[in-house]
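Here are a few friendly notes to read beside the structure. Take the points one at a time and look for each residue as you go.

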Amino acid sequence: MSDDVETKSNPLGALITSRLVVVAGKGGVGKTTVTAVLARAAADAGQRVLVIELDGKPTLDGWLPDLDARHISASTSLEEYLLEHGFGRIAKRLTKTGVIEVIGTAAPGIDDLVVLGKIKQLERSGEWDLILVDGPAAGHAVTFLTTPAGLRGAVSSGPVADQADEVLAMLADPARCSIVLVTLPESTPVNELMETAAAIRSRVGADLGPVVVNRLDTGDEVSDPDEVDFGRATVQVDDARDAAAFRRRRRDVQVHELERVTDEFDAVVRLPWQPVADLGPADIAELAAAIETSEPAEPTS
């Protein structure tokens with residue numbers, strides 16, 4: 001990774017100090033969006049970027065059509081693992097019959113380990129400066145990341161133990177791996193953020209990167225509902241006042257929740273709310289430019 005990117009005084013530089021970044025957060029907070037934004041910003045800064053989706057819809061392909069993207073599934077990774085260890089004929093038969101998915105269920109954690117092992121191979125290849133993983137939702141993220149330690153404690157030797165050791169070494173090295181958690185400036189997502197961060201700190205041993213607070217309302221200051229100047233607008237006055245009051249309440253909540261996050265975490269990156277129904281490549285590029293140049297301003301009431 002080039003020194004000029006690492007030393008920039010901006011949130012992007014703080015977020016990409018490791019070669020592998022796993023983006024995680026409660027479902028619905030926009031972790032896929034954040035993955036795309038970080039990838040776009042890093043690529044625009046001259047980095048060789050790979051994005052990885054885990055068993056999800058291929059959203060990143062549409063947002064980042066010019067970047068390398070991989071889709072890694074547990075069943076495919078387990079089949080590749082068996083092939084690499086001399087069980088080619090068995091692997092093909094298990095895949096055709098659907099039994100390979102049963103193995104993942106019967107041996108808890110083995111599917112997560114082989115997925116992490118595949119990611120480790122890509123990280124070790126040196127082909128990319130930055131690998132961004134659109135990780136599991138917060139609840140599964142902790143299980144996903146703690147699986148190697150659990151399996152290592154249960155297996156004393158052999159290929160599984162070796163794989164677990166190698167994955168644990170990657171997770172524990174801050175130059176190789178960091179975890180970026182995403183939240184919204186709302187009570188429930190912030191509560192889950194705190195719980196997930198505590199679990200990662202105590203159980204995973206991985207470096208916790210900056211927290212990304214997504215969808216902040218950073219637009220123009222909201223007027224007092226009782227002092228709104230409607231001019232010649234034809235909207236219903238009561239409806240407009242209700243809308244202004246709602247936005248002020250939301251701003252107040254966002255300010256409070258943002259303070260909770262900044263009090264708990266040393267490094268916090270803010271991303272503004274994009275008021276569009278469906279994000280596209282242009283919206284991702286706009287958000288990427290925002291974190292590349294400066295941190296968006298805190299919302300004001």
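1. Start with the fold: the protein chain holds 13 helices and eight strands. Keep in mind that this is a predicted model.

2. Next, consider the chain as a whole. Of its 301 residues, 47% are buried. Among contacts with a separation of 6 or more, 76% link residues that sit 24 or more positions apart. The accessible surface comes to about 14,400 Å², and carbon and sulfur atoms account for 49% of that.

3. Now look inside. Nonpolar side chains tend to be buried together in soluble globular proteins. Here the largest nonpolar core has 43 residues, and Ile 52 and Ile 119 have the most contacts inside it. Helix α8, residues 110-125, gives this core its largest share, six residues.

4. Which residues does Ile 119 touch, leaving aside those up to four places away in sequence? They are Leu 20, Ile 52, Leu 54, Ile 72, Val 133 and Phe 144.

5. There is also a second, separate core, with 30 residues. Val 34, Trp 63, Leu 64 and Val 212 are among its members.

6. Finally, visit the second largest pocket, which encloses about 220 Å³ of space. Its lining includes Gly 30 and Thr 33, then Asn 214 and Arg 215, and also a group from further along the chain, including Pro 272, Trp 273, Gln 274 and Asp 278. By type, the lining residues are six nonpolar, four polar and two charged. Try finding Leu 287, another residue of this lining, in the view.

Conventions
Residues are numbered from 1 along each chain as its sequence is written. This is a predicted model: local features need pLDDT of at least 70, side-chain atom pairs count only at pLDDT 80 or more; totals for chains, interfaces and linings use all residues. Side-chain values use heavy atoms; hydrogens and water are left out. A nonpolar core is a set of buried Ala, Val, Leu, Ile, Met, Phe, Trp, Tyr and Cys residues joined through side-chain atoms within 4.5 Å. Buried means under 20% relative accessible area, exposed over 50%, partly exposed in between (1.4 Å probe, protein chains only). Helices (H or I, at least four residues) and strands (E, at least two) are DSSP runs, numbered from the N terminus. Contact means heavy atoms within 4.5 Å. Accessible areas come from the Shrake-Rupley method with a 1.4 Å probe; for residues, only the protein chains shown count as cover. On a 1 Å grid over the protein atoms alone, a cavity is a set of points where a 1.4 Å probe fits but cannot get out, and a pocket is an open set with protein on both sides within 12 Å along at least five of seven lines; lining residues have an atom within 4 Å of a point. Grid points are joined across faces, edges and corners, and a volume is the space filled by probe spheres set on the points. Ala, Val, Leu, Ile, Met, Phe, Trp, Tyr, Cys and Pro count as nonpolar, Asp, Glu, Lys and Arg as charged, and the others, Gly among them, as polar.
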